[in-house]
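Subject: Structure handover and what was found in it

Hello,

I am passing on the structure we talked about, and I would be grateful if you opened it and kept it beside you while you read the notes underneath.

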Amino acid sequence: MSKVSKASKTFKACIKCRALVKPEEEKCPICGSNEFTFEWSGIVIVLDSEKSEVAKMLNIKTPGRYALKIGV
Ligand SMILES: [Zn+2]
C-alpha cells in the first residue's frame with residue numbers, strides 16, 4: 001500500500017484553511033493565502049457547510065473540497 005494517493009498529487013492543500021486547489025493556482029480561492037502543501041491526506045467534500053458535521057468539526061465555512069489532514 002502506498003501512503004501517497006493519486007489525489008494528493010492532483011491537488012495541493014492550503015495550509016490555512018485546508019482547501020484543495022490545483023497546483024497551478026497561486027492563491028487559495030477560499031482564504032487568499034498563498035501557502036500550500038502537498039503533504040496532506042483524505043478528501044472532505046463539503047456541499048453545505050451549515051449542515052455538515054464534518055465541516056463543523058474542521059471549522060469549514062465555505063463549501064468546497066478540503067484536505068482532512070495536513071502534514072505527514
Ligand atoms: Zn485557504
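Between which two elements does the loop that holds N59 lie? N59 is placed in the loop between helix 2 (53-58) and strand 5, and before going further I should say that everything here comes from a predicted model. The phi angle of N59 is near 60 degrees, which is a positive value in a residue other than glycine. N59 counts as exposed because it has 9 C-beta neighbours inside 10 Å, and the cut-off for that class is 12 or fewer.

It may help to set this beside R18, which lies in the loop between strand 1 and strand 2. R18 is not a glycine either, and its phi is positive, at about 70 degrees. R18, however, counts as buried, because 24 C-beta neighbours lie inside 10 Å and a residue is called buried at 20 or more.

For the overall layout, the secondary structure of the chain comes to two helices and five strands, and from the N terminus on the elements follow the order α-β-β-β-β-α-β. The chain has 72 residues, of which 21% count as buried. If you take the contacts between residues at least 6 apart in sequence, 42% of them join residues that are at least 24 apart.

Turning to the sheet, you will find three strands in an open arrangement with the order 2-1-3 and antiparallel pairing. Strand 2 and strand 3 stand at the edges and have a single partner strand each, so one side of each is left without a neighbour in the sheet. Strand 1 and strand 2 are paired in the antiparallel sense over two bridges, and K12 stands opposite V21 in strand 2.

K12 also gives a way to reach the next loop, since the C-alpha atoms of E25 and K12 are 9.1 Å apart in space, while the two residues are 13 residues apart in sequence. E25 has its place in the loop between strand 2 and strand 3, and it counts as partly exposed because it has 15 C-beta neighbours inside 10 Å.

K27 is found in the loop between strand 2 (20-21) and strand 3 (36-37) as well. Is K27 buried or exposed? K27 is exposed, because 12 other C-beta atoms lie within 10 Å and the limit for an exposed residue is 12 or fewer. Leaving aside neighbours within four places in sequence, K27 is in contact with G32 and N34. K27 and C14 are 13 residues apart in sequence, and from C-alpha to C-alpha they are 8.8 Å apart in space.

C14 leads on to the nonpolar core. Which residues of the largest nonpolar core touch the most other members? This core has 13 residues, and A13, C14 and A19 are the ones that touch the most other members. Strand 1 (12-14), strand 4 (40-46) and strand 5 (64-70) each supply at least two residues of this core. If you select A19 and do not count residues up to four places away in sequence, you will see that A19 touches C14, C28, P29, I30, G64 and Y66.

With best wishes

How values were computed. Residues numbered from 1 in each chain as written. Predicted model: local features only at pLDDT ≥ 70, side-chain atom pairs only at ≥ 80, totals over all residues. Helix = DSSP H or I, 4+ residues; strand = E, 2+ residues; numbered from the N terminus. Contact = placed C-beta atoms within 7 Å. Core = buried A, V, L, I, M, F, W, Y, C linked by C-beta atoms within 7 Å. Pairing = 2+ DSSP bridges.
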